[in-house]
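User: I'd like to learn how to read the packing and the chain contact in a model like this. Could you walk me through it?

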Amino acid sequence: MKSARFLLLFMVVMLAACKTGAQGPAAPAGGSMYIQNKGSDTMVNLALAWAERYQAEHPEVSLSVTGGGSGTGIAALINGTVDIANASRAMKSEETQQAIANGITPVEFTVARDAIAVVVNSENPVHELTLQQISDIYSGKINNWLQVGGDDRPIVRLSRETNSGTHVYFLETVLRLGDKTNPTLFSTDTLLLPSSEVIINEVRQNPNAIGYDGLGYIPPDLMDSVIAIARDASGPFVTPSIASVNDDSYPVARDLYMYTAGEPTGAIKDYINWILSAEAQAIVADLGFVPIK
Amino acid sequence: MGKSKNWRETVITAVVRTCGYSAVVFVLLIFFFLLREGLPALAEVKLGELLSARWYPIENHFGILPLLTGSLIVTVGAMLIAIPFGIGTAVFLSEIAPRWMREILKPLVELLGGLPSVVLGFLGILVLSPYLRVFLNLPTGMTALAGALLLGGIAVPTTVSIAEDALDAVPQSYREGALALGATKWQTIWRVTLPAARSGVLTALMLGIGRTIGETMAVMMVTGNAPVLAIKLTSIFSPVRTMTATIAAEMGEVANGSTHYHVLFMIGLVLFLISLAVNIAASSVVFKSRKRAERVLS
């Protein structure tokens, strides 16, 4: 009798646990005034600034902004748990197919542009590098600063984590030089750091370090040690700025995107239209990004 | 009156029994959940690929060996620090320190154990890593060594707390007997008291190991998260990537049900099995049948 009671209790507990946690698509947000915005850490400050200004002007709308990386935002869009996904890279074709398989058609909006700055320690005498040199540094072919005109020091490579759109963009544009068939990968001893602040901190105090980050995240004291990049050894070495992004002379510039689930309607549509307007693009420039033309 | 007393007895016994069994039930349920979400990884990724040396999930490289070695090297390093410091402190507090010193030191050690690991990780990036880089002339201070030092510091308070209680519980008659036989204080501690408190001390060490291998935030901030295969002795001076940091960093970005998702759960399963193995090893020592002499004396 005792064992029967225990067995009954056990089965009740097991049955309660059997409810699977598969997430269905979120309730359509077209009617409600609560917009969820998730994804790129590069864009999170920008998205927050936009949200604050928009909520000040439209108090009936409430916006929530979270980071987590472009990969996180896109995964949430595919799972149907977010209204707008911020991404500092374009969605891959596998991700688009996964979304469509889940009944969600992602719609892409270019909301700003960004330059990726490559930065070294302020004691480092190296100020110019070609794309090929940076690619070789990060893939492990070049291991000492002597090989690129610096001191005799080992190179410590810093990068963002793999869920970061910045990381993926850097892989495609710099390591692989824009060639989709190039199989180059980051060297295994590249430090994959969880946030821009940790990268900047390490670059600031380690003379061996090289790191990359969005231009808006480079603090004033490191602006002088941003590397001027040339597409090839003969070309002009260009430092990143709003001007050099807009005239396409800086080779490592990218678009920043927002993805919605299907064509946006109602409050979401108004918000996106406001982001593409002059007022919101002025905020873009204030934060160190490049407004869309 | 007899009947109502019986009824209350039954209810209380049932509640207590449920609480006791529920611990086992929860662990089993977690295990089955991990199995359900993690085993598909074995079907989707060939075993040879899983055991390869390259972890780069966004390009479908799912080699978990660097993560395993990363976790192991940081845990071993941390225990090499925590065992002498932990047991030494416990012995000091229980056997050597005067009563008033013990009253002050014990709460202080437990205070150290209450520090959130994120705070320690933060201190690690800002203070420990630069110091290691300069002091040991390394390319970067973000290494397995920094992780091991921090984790040793995190594991010590846990170890000290429990080991000290275990040492305290050894009957005074053991020590008196040893002293009566002419043993010195150290001989008493090393050959009588510690072996008598063996089960408690081992439990303390197991809890320390369990805490260390499961630690996420502190290692994520100071070890550099580079998926290097850490098999040489000098790997302690290179950046590593632990299994826990991998799960924490990547779980947010995986689409539910994708291969990456299943592999991450498999890593969780591996962590679970390692903890289980450590606990079973500990239990087998702790519950070994006591020698007849020990049974008679206690």
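Analyst: Sure. Start with the idea of a nonpolar core: a set of buried Ala, Val, Leu, Ile, Met, Phe, Trp, Tyr and Cys residues joined through C-beta atoms within 7 Å. Keep in mind that this is a predicted model.

User: Which residues touch the most other members of the largest nonpolar core?

Analyst: As a general idea, nonpolar side chains tend to be buried together in soluble globular proteins. Here the largest core has 142 residues, and the members with the most contacts to other members are A:Leu77, A:Ala85, A:Ile229, B:Leu150, B:Leu151, B:Ala163 and B:Val222. Helix α7 of chain B (residues 144-168) contributes the most, 15 residues. From chain A, domain 1 (34-113 + 255-286) and domain 2 (114-253) each supply at least three residues.

User: What does B:Ala163 touch, leaving out residues up to four places away in sequence?

Analyst: B:Ala163 contacts B:Gly86, B:Ile87, B:Ala90, B:Gly200, B:Val201 and B:Ala204. For chain B as a whole, take contacts between residues at least 6 apart in sequence: 75% of them link residues at least 24 apart.

User: How many residues does each chain put into the contact?

Analyst: Chain B gives 29 residues and chain A gives 33. On the chain B side, α1 (2-38), α6 (117-135) and α12 (243-250) are the elements with two or more residues there, and α1(B) has the largest share, with 4 residues. By type, that side splits into 18 nonpolar, 7 polar and 4 charged residues.

User: And how many helices and strands does chain B have?

Analyst: Chain B has 14 helices and 2 strands, and 40% of its 298 residues are buried.

Terms used:
Residues numbered from 1 in each chain as written. Chains lettered and ligands numbered in written order. Predicted model: local features only at pLDDT ≥ 70, side-chain atom pairs only at ≥ 80, totals over all residues. Buried ≥ 20, exposed ≤ 12 C-beta atoms within 10 Å, placed from the backbone. Domains from an automatic or database assignment. Contact = placed C-beta atoms within 7 Å. Nonpolar A, V, L, I, M, F, W, Y, C, P; charged D, E, K, R; others polar.
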